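User: Please take a close look at the surroundings of the two ligands in this structure. Describe the residues there one by one, and then the sheet and loops that go with them.

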Amino acid sequence: MRKTGYKNSRYIHFSREEWAELRAATPLVLGEEDLADLRGINEKLSLDEIASVYLPLSRLLNLYVAAAQSLYKVTDTFLGSPATKVPYIVGIGGSVAVGKSTTARILQALLSRWPDHPRVDLVTTDGFLYPNRVLEERGIMHRKGFPESYDQRRLVRFLADVKSGKEEVGAPVYSHLTYDIVPGEERVVRQPDIVILEGLNVLQSGDPGLGKQSTFVSDFFDFSIYVDADVRDIERWYVERFLTFKNTVFRDESSYFRRYVDLTEEEAIEEAERIWNEINGPNLRQNILPTRERAQLILEKSSRHEVRKVRLRKI
Ligand SMILES: Nc1ncnc2c1ncn2[C@@H]1O[C@H](COP(=O)(O)OP(=O)(O)O)[C@@H](O)[C@H]1O
Ligand SMILES: CC(C)(COP(=O)(O)O)[C@@H](O)C(=O)NCCC(=O)O
């Protein structure tokens, strides 16, 4: 039987098995081709993971989106104006290398298969990082990913524009290859049904370093997800991904990390651990982990990336 939550907890707790059962009524049949598409997102992703974790999640989100759309109709009836439909915004937060982009891409693919919200856009907050030139001027190149490395005002303005139903809203683009903002490039969002915003700091609400700020990114979220795992596992995933990149994308001529290609495996592990210990680890502990309980849903992963527990906020 499904647990209804621990006493005094703001969350309903589910084991993987309990959560997987909630897929039951999902009127979504994935064909072989769909499955192949999803495998393309990440070849390490198991099909059981999609069925047990992400299908129930897409069903929950489908119900929430439908409820939000009805609520807009109620407001419009009250105001006597024609129905407006604004994008439903889902925020996905968590550490570097915990699997945010994989989660976001699976959800984008699954949610776009529902007929009532076929247009699902994915935006990452790295586009709102200050360009390296600005980070260098401010002496914070080593703080990339920390709250002060983002143009928060621009990100808030972007979301306000999307949420107000503006026809076209542009977002700047970041390249992991050049490790910098791509000058002059924009990603345009055109009134989709759902926007998934994925990034390290999406659940933050106030930081002394940011000065006075009354509106936060999370104010625009209709739903939010935190991808969680043991810090030691995340560090290992970071190092493993770094080694994969050393043998693939870092080899590209325009890669900022090209200098790492000739490192021995041992040296590369040392370098990845240094970056983790100096940047991504402290950022996780100081800024990201403290925001976990602001999320409406927490996906807790085991050491093999499988989600072993799910927590859904009841209040
Ligand atoms: N569900 C998953 N199953 C297996 N491997 C995964 C899964 N999610 C992420 N990974 C692996 O973990 C690493 C980090 O994932 P990624 O989605 O790039 O993280 P983030 O966007 O949080 O930095 C990658 O090497 C990715 O292949
Ligand atoms: C670009 C990132 C800050 C992530 O940005 P996000 O889209 O999560 O806002 C991060 O992946 C990063 O590059 N951090 C700097 C340290 C490092 O090279 O790992």
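Analyst: Ser 101 counts as partly exposed, because 18 C-beta neighbours lie inside 10 Å and a buried residue would need 20 or more. The model is predicted, and this count, like the other values below, is computed from it. Ser 101 sits in helix H4, and it is one of the closest residues to ligand 1, along with Gly 99, Lys 100, Thr 102 and His 305. In total, 15 residues surround ligand 1. Two elements, helix H4 (100-111) and helix H7 (231-246), each give two or more residues to this shell. H4 gives the most, with three residues. By residue class, the shell around ligand 1 holds six polar, five nonpolar and four charged residues.

The UniProt record, an unreviewed entry, places a "binding site" feature at Gly 94, Ser 95, Val 96, Ala 97, Val 98, Gly 99, Lys 100 and Ser 101. Gly 99, Lys 100 and Ser 101 of that annotation are among the closest residues to ligand 1, while Val 96 belongs to the surroundings of ligand 2.

Val 96 lies in the loop between S2 and H4. It counts as buried because 21 C-beta neighbours lie inside 10 Å, and the threshold is 20 or more. Leaving aside residues up to four places away in sequence, Val 96 touches Gly 145, Leu 200, Tyr 238 and Asn 280. Gly 145, Leu 200 and Asn 280 also appear in the shell around ligand 2. The remaining residues of that shell are Thr 124, Thr 125, Asp 126, Lys 144, Gly 199, Ile 275 and Ile 279. Helix H8 (residues 265-288) supplies the largest share, three residues. The shell around ligand 2 is made up of five polar, four nonpolar and two charged residues.

Next, the sheet. Seven strands form an open sheet with mixed pairing, in the order S1-S9-S8-S7-S2-S6-S3. Strand S1 (11-15) and strand S3 (120-124) are the edge strands; each has a single partner, so one side of each has no neighbour in the sheet. On average, and with direction ignored, neighbouring strands are turned by 20° against each other. S3 runs parallel to strand S6 (residues 194-198), and five bridges join the two. Within this pair, Asp 121 stands opposite Val 195 in S6.

H4, the helix that carries Ser 101, lies across four strands of the sheet: strand S2 (88-94), S3, S6 and strand S7 (223-228). It runs at about 170° to S6.

Two loop residues deserve a separate remark for their backbone. Most residues other than glycine have a negative phi. Tyr 179, however, has a positive phi, near 65°. Tyr 179 lies in the loop between strand S4 (169-175) and strand S5 (180-189), and counts as partly exposed because it has 14 C-beta neighbours inside 10 Å. Gln 191 also has a positive phi, near 45°. This residue is found in the loop between S5 and S6, and with 16 C-beta neighbours inside 10 Å it counts as partly exposed.

Methods:
Residues numbered from 1 in each chain as written. Chains lettered and ligands numbered in written order. Predicted model: local features only at pLDDT ≥ 70, side-chain atom pairs only at ≥ 80, totals over all residues. Near = placed C-beta within 6 Å. Nonpolar A, V, L, I, M, F, W, Y, C, P; charged D, E, K, R; others polar. Pairing = 2+ DSSP bridges. Axes fitted to C-alpha atoms, helices over the stretch in contact; angles between N-to-C directions. Contact = placed C-beta atoms within 7 Å. UniProt positions renumbered as here; feature names shortened; annotations may be inferred. Buried ≥ 20, exposed ≤ 12 C-beta atoms within 10 Å, placed from the backbone.
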